[in-house]
Every structure is written in C-alpha cells, then in structure tokens.
Amino acid sequence: MSQSTGEEGGLPQAAPNINLDNPTQTVATGNTPEDQVSPVVDEASPSSTFSFEMLDMESVPAPYQEVQPHWFFCRRADDKTSWLPFSREDSDKLENACNSVKDKEDEVVIAVEGERYDVHVKERKRFAVYWEQGPTEVRRCTWFYKGDKDTIFMPYPEDSSKSLEEAYMIAVTLNEWKRKLVFPSGETVILHNPKLIMQYQPIGLQDDWVSSPSEQTRPQTVKRGVDNISIEIPDGEPEKIDHLVFMVHGIGPACDLRFRSIIQCVNDFRSASLSLLASHYKHAQQDGQIGRVEFLPVNWHNALHGDATGVDEDIQRITLPSISRLRHFTNDTLLDLFFYNSPTYCQTIVDTVASEINKLHTLFKQRHSEFKGAVSVVGHSLGSLILFDLLTNQRTGSEAREGVPSSEPFHLNCDTLQQTLTRLGLEQYFDTLQAENLDLESLALCQDSDLKDIGIPLGPRKKILNYVRRKWLSEDCKRRAARLSPGLQVPPQVTSDHDGNQSSGLTTQQSQFHRAQSVTSAVDYEYFDVGIGQVCIDYPQLAFQPQTFFAFGSPIGMFLTVRGLKHIDPNYTFPTCKSFYNIYHPYDPVAYRLEPMIVTEVDLEPMLIPHHKGRKRMHLELKDSLTRMGKDLRNNVWGSLRTAWQSFARPTVSALPSVDEGDTTLKRDLQERHTSAAVTASAKREEKSADFWTKILEWPRALHKHYFQGVCEETESSVSVGQTEQPEIKVGMLNGGRRIDYVLQEKPIESFNEYLFAIQSHLCYWESEDTALLLLKEIYDKQGVAFEQPQQ
C-alpha cells in the first residue's frame, strides 16, 4: 500500500497504487520477521508527531462491538480524487439493500440524493439519472486513514477494511495488542492500542527525494468507524417535492470562474435553497407543510458543439494558430452568441433546450408520480434569451397548431418535389424522400430529426427545411395580415413589374410591418416573421405551462432593442407563463433592464433584493445615511443662513406716510407706536438669532439621533419586510402587474472597484443566497406559506 504523498491523491486517494483486491494479513505473533516492522516501531515513539496518542496505551479496552459502516461515493475533479459521504438516510438504505442482496443474483437499484442518482448495490456503482455523467464508485466504508499532510480521512477498500476489522476483533477479544497486519505490497498496519493504530510504508518503496529518514518512515493515522473521524455528513433531503425548476445555462460549457459545469453550479444552488428552507421556513418544514424545491440543469452546449453538427471542426479549420488558448476560449464560449443569431444553429439550440426540458419533465414525472406541484424555468445569460423566445412562441390549448391551421389549405407553390430539389441542387435525395411518400406539403411538417432518421445529412436537410419554411412564411404572411389588430393592419399593395404583370408588394408590406412593430407594443412571433423574432425558426412547444420565468444576468432587453423593438405593451404577457423576474447584479456587464421598455414615461429604480439575513448590507446603509444627511445638512444650512440674513438686513422702522404739521396729537401717537414696534422687532431679532445659534449647536446631537439611531431602529423594524418600501407601481402584465427588475446588493469589497468584479458579477448567481431566497419566496408565496425571518 505504498505511494508517495507527492503523487496524485497520495494514500488518502484510496491508495491508488496499492493492490488490495485480495489483501492478506499476518498477525504479529513471532512468525513475522522483525526486520519488516522494527524500524517502523522505532519511528512510532513518543518523540514522533503522534506520540500524544500513545498516552492511552495502558487503558482497558471496551468489549468488542461491531463497527457501524457508512457509504461513500467517489468524485473525480481536476485530476483529483475525493470520497464524499452519503447522508445517513441514504447510507442506511444502501446498507439494508446490501444485507438483502447477499444471496440474490439480481441487481438491486437504490435511488439516493433526492432520487437524482441510482446506486447499483452489487456493482458498487452510482449513476446519474437526469444528465450525462460517467458512473462513479461507491464503497461501504468502515476504516479510514490520513497522512500528516492530508486534511481529510480517506476510506480503505472494502477487502482491506474487512481484514483490519478481523485483526481488531482478535486484538480486543484477546487483549493482545502490538499486532501487525501486512498487505502484499508491503504496507504494514500496527495496532498499538484501541486508540492508536498506525500505517507504515515499506522502506523499499519510499520516495527517494525525501530529505530525511524520519520523513521517509512517517506513519499515517488509522481510524475505525466514521464516528471517529472529522467529516461532515450531509443532511438528508425531504422526500416531498413542492416545485420543480429547470435551469438553462448561458454561453460556454463553464458557468463560473472555477470553470465548473452547469451540473455542479445547480448542485450548489440546490444546496443553498435547502439551507434557506431550513432557516426561513423552519416551522412550515417541521409541520410538514412544505418539502423542498427540486432544481434540474438543462445542458444545450454539448448538442451544439457535438459531432452531430460538426461546427467545431469547421471553426477549427479557419482558426488562426496564434494565441491558441484565447482563440479556443472564444470558439467555445463567445461564438455561442453568433450561433444563436444564425437560423441554422438557432434552430438546433431551441430544439435542444425544448426537447431536453420535455425529456427531463417526463422522466421526473415517472420517478415522482405523486408530484402535483408547478414548474418554473430559470435562464442565465444567453439561456434567459432562449427561454424568452421559447415562451413568447408558446401556444395555449386552443391556439396550438401543427404546421398550419387546418381550416386554411396550405400550398407552397405549384412546383413538384423533384423541381424543388433540383433548384436546391439536391436531386440525389429525391428517391429517398419519395420512398417515404413525402411531398412538399408533408415536407413542411417535418422536423430536422425526421429527415435525419431517413438518412439525409445535416447540410442538405438544413437547406430543405430552410427553403420550406421561407416559402411557408411568405405564403402565410398574407393570411396573417388580416388577423392583425386594427392599429397595425397594412393594406396589401399591388405593384406592376416592367412586363405589366401584377405582383404582391410583399417586401414593402413586410417593411411596414417591421416599422409598425418597432414602435408598437405587441411582442408576438405569431404575427411577425421579421423584426424582433428569429427568422425561419420553428419554435417547439413545452409539455407544461411554466408558473414563473426567472432571468439571471439577462441580455433580453438589449437583444429586443437590437431586433427593432422599442416598446413593450403593458398588457402583453407570455401565452403560458404569467410571472417574470429579471434579476441582475448591479455590476453585471451582460445584464440589461426591461422595465424602461414598458414604462417609458417614468424613471423607475429597480427593486432592491433584500439580504437573506433580512437587512441592507452595512455599507449600503451607511452610504444611504450619509447621502441623506448631506442633503438635509445642505438644505438646513442654506435655509438657516437665509433666515439669519433676512433678519439682520430687515429695516428697523417701516416707511410712514407724511402728516400735517398741525396734527401734533396724531404725530405723538404714531411716534409711540413706532417706538413700541421697534422694541418688539428688536426682541424678535434677538430671539431668532438665539434660536439660530441654538439650532447650530444642537445639530450634531440631532443628526446622530436621526440618522444613526434612526437607521438602526428602521432596520430592525423592517426585518420582516421583503422589499424596500416603495409605492406600488404598475409596470405591465408581464409579471402580473408587479415589478420586473430586481437588483442584488453588491458586497462591500465589490464596491471598491466595480470593474475588477465585473466578470465575477455575471457569474455570481449560482452561489447567491439572496437570489435563491427570492425564488423560494416567489414559489411559496403562491402556495400561501408564510415567510419567517430568522433572529440574528
């Protein structure tokens, strides 16, 4: 069992260079040569790093008790191997199944981790259910080891654990220690006492580059049972599922700065939601009122860049050899934006996303037949735009159509199938299509997968489908003109060519439609084949009606503007989804707002997403307080100075009309009145001056009481408030009349340099507890479940 700690995984990586398939044990009774272990025993002295554990050598051992096993699974990432424990509930299920299949030949499959994985107990393999992932090893673990430089204990193989347990049982029963267990590779385990069991490397297999003999023979700690090692065993997930959420990624295969896949990021988001449910819905969960929310990843990148399209090979042939890493990153990520704007690859992307969502939904319903909850969708970056286009093109039950409405006969033109293929240069596929009894009308109803099934390559079938759809759009545009709203109808124009033949002015009409839509409101792909929509894209239908659509760091607003849409009708809503949230980080360079496209006459600030601990971040509170204090201070200073100046500059005696010289009585009375008024005015000036300076002196205390003490009281009183206090504003029906744009609070360190954290801001949503809590509140508010703010 020897391997140097410098190699991959070292001994903690389940001893990868150790042959423990059929370990043999040698009990140290005198039959074992001392030269195999004597230097090892010398190392295990009180002067060694483990000498503090030898203080209990003389303690009386407890009676032997069988060790309690715990099940682990292997995870390999970045050329590193780690072993992670199942929850106690899953481990118990696997242990019971293992005990029941000993005498059975059939394989037993146990669903674990929220039924997202299946474990084949006899095969000791763990398989993913909802996504493509290679099988991973599963192990029933009882004994563990850890080296000096290792941070966690790693499990022994099951055969080795069995041998160790037998040796331990003999030592405890006979109370005979200093027993040795030697494996075929030369590794030696010495049972010094119940609390000190060490593993030693054979001298001949040690690393030649180690500096000192003490490092060469440094032992490794061995522990028995999972309860004796420091490892965090995860809590089990509630079996009841209240809501299902599909999460669609953006450009590229990696979703965060650690280059993790969508699967790993969604796992983190799910873990955050479980933690928030335990803290913010504690009583509802304890009462069995709620269960949990299931999040499933939707991966479309592999389908676009796989062998089926061949696009990677085509791009690679034209890629320059310089700065290869940067060009590879660009080809693998940024080009996805251009692929989505291409009719050919856009069709592949939307078909993949819709089919993957429908497949996952069907599989989930099969595994959770009792599920009666609703379904929502989440899109990050480009994934949000894909979902927006899909949801815009969904049809309700009465509007669902297959190809074209049955009440309206459809004819592409008078050309035959052979003439069409000849025009496209694909006449060699005429026999293939004719063998399937396909004509032009039936060809218009075919999907890409249909033509692929009959053996037509990717390029030719894209040409055929593109031609058929363009012809259908031109014919269907005439019929749709009559269905437009009165404000958008454009009378058909008839023009004459040079030969005097009349033809439909379709190009002019389409351009007028485009201009009308640019300034109007309706975001409806049913009526428009140009403008904001993707041309020649047949959007598939989802198998369910989403309850809510959440967009993370979304460029939807920018793409709609580029497509020519300037305003969204406040009455517009998705055909099958009635709620929509646009969530973004303030420093996200890819995110754009949507509310200004709906409410153009009012400048609305986005809704601030509260911190999951129930308050604003401290630096934002301080910033708001200082801003408000500065405004009030400036206004008060100028107001007080203006009042003081007016008091000092006011004349002491008012101008009086002249009186006759002979009217001495009236003059005397006026002089007395003037004298009295002067005294009164002087007293008032002194009072105002004293009041002014009193206010000046009392400002610091008043400001402290109002801004700092008041902020704390306001924060404490608003802990239970979900949103910042703002007047209710109607922003259209895209979110049922509620606000659409929601902004996260930046972290204190991010506020120092927004450019430095720009990229991180676009990838922060997967680990954002504030974002996860907003989703949970939206989901459970509709179920009438009360939100609980935990006490700090």
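The following exercises, each with a worked solution, concern a predicted model of one protein chain.

Residues are numbered from 1 along each chain as its sequence is written. In this predicted model, local features need pLDDT of at least 70, side-chain atom pairs count only at pLDDT 80 or more, and totals for chains, interfaces and linings use all residues, while side-chain values use heavy atoms, with hydrogens and water left out.

**Exercise 1. Overall content**

State how many helices and strands the protein chain has, and what share of its residues is buried.

Solution. Helices (H or I, at least four residues) and strands (E, at least two) are DSSP runs, numbered from the N terminus. On that basis the protein chain has 23 helices and 21 strands. Buried means under 20% relative accessible area, exposed over 50%, and partly exposed in between, with a 1.4 Å probe and protein chains only. Of the 792 residues, 45% are buried.

**Exercise 2. The parallel sheet**

Give the strand order of the open sheet of seven strands and identify its edge strands.

Solution. Two strands pair if DSSP finds at least two bridges between them. The order is β14-β13-β15-β18-β19-β21-β20, with parallel pairing. β14 (292-298) and β20 (607-608) each pair on one side only, and these are the edge strands. Within the sheet, β13 (residues 241-248) and β15 (residues 374-380) are joined by six bridges. Leu 244 has Val 375 of β15 as its bridge partner.

**Exercise 3. Helices on the sheet**

Which strands does helix α10 lie across, and which does helix α23 lie across?

Solution. Axes are lines fitted to C-alpha atoms, for helices over the stretch in contact (heavy atoms within 4.5 Å). Angles run from 0 to 180 degrees between N-to-C directions. Helix α10 (residues 343-367) lies across β13, β14 and β15, at about 160° to β13. Helix α23 (residues 769-781) lies across β13, β14, β15, β18 (549-552), β19 (580-584) and β21 (741-743), at about 120° to β14.

**Exercise 4. Helix α5**

Compare the expected and modelled spans of α5, then find what covers its buried residues.

Solution. The expected span is 1.5 Å times one less than the number of residues. For the 19 residues of α5 (residues 262-280) this gives 27 Å, and the end C-alpha atoms are 26 Å apart, which agrees. Buried residues of α5 include Ile 262, Val 266, Phe 269, Ser 273 and Leu 277. An α-helix has 3.6 residues a turn, so residues three or four places apart point the same way. The cover includes β13, α6 (282-286), β14, β18 and α23.

**Exercise 5. A hairpin**

Describe how β1 and β2 are joined, and which side chains of β2 are buried.

Solution. β1 (residues 70-77) and β2 run antiparallel, joined by six bridges. Phe 72 has Pro 85 of β2 as its bridge partner. The hairpin has two residues between its strands, and Asp 78 in the turn has a positive phi of about 55°. Along β2 (residues 80-85), Thr 81, Trp 83 and Pro 85 point to one face and are buried, whereas Lys 80, Ser 82 and Leu 84 point to the other and are not.

**Exercise 6. An aromatic pair**

Why is the pair of Tyr 145 and Tyr 156 classed as tilted?

Solution. Rings of Phe, Tyr and Trp (its six-membered ring) pair if their centres lie within 6.5 Å; planes under 30 degrees apart count as stacked, over 60 as edge-to-face and the rest as tilted. The structure holds 22 aromatic pairs. In this one the centres are 4.7 Å apart and the planes are at 55°, so the pair is tilted. Tyr 145 is buried, with a relative accessible area of 0%, and Tyr 156 is buried, also at 0%.
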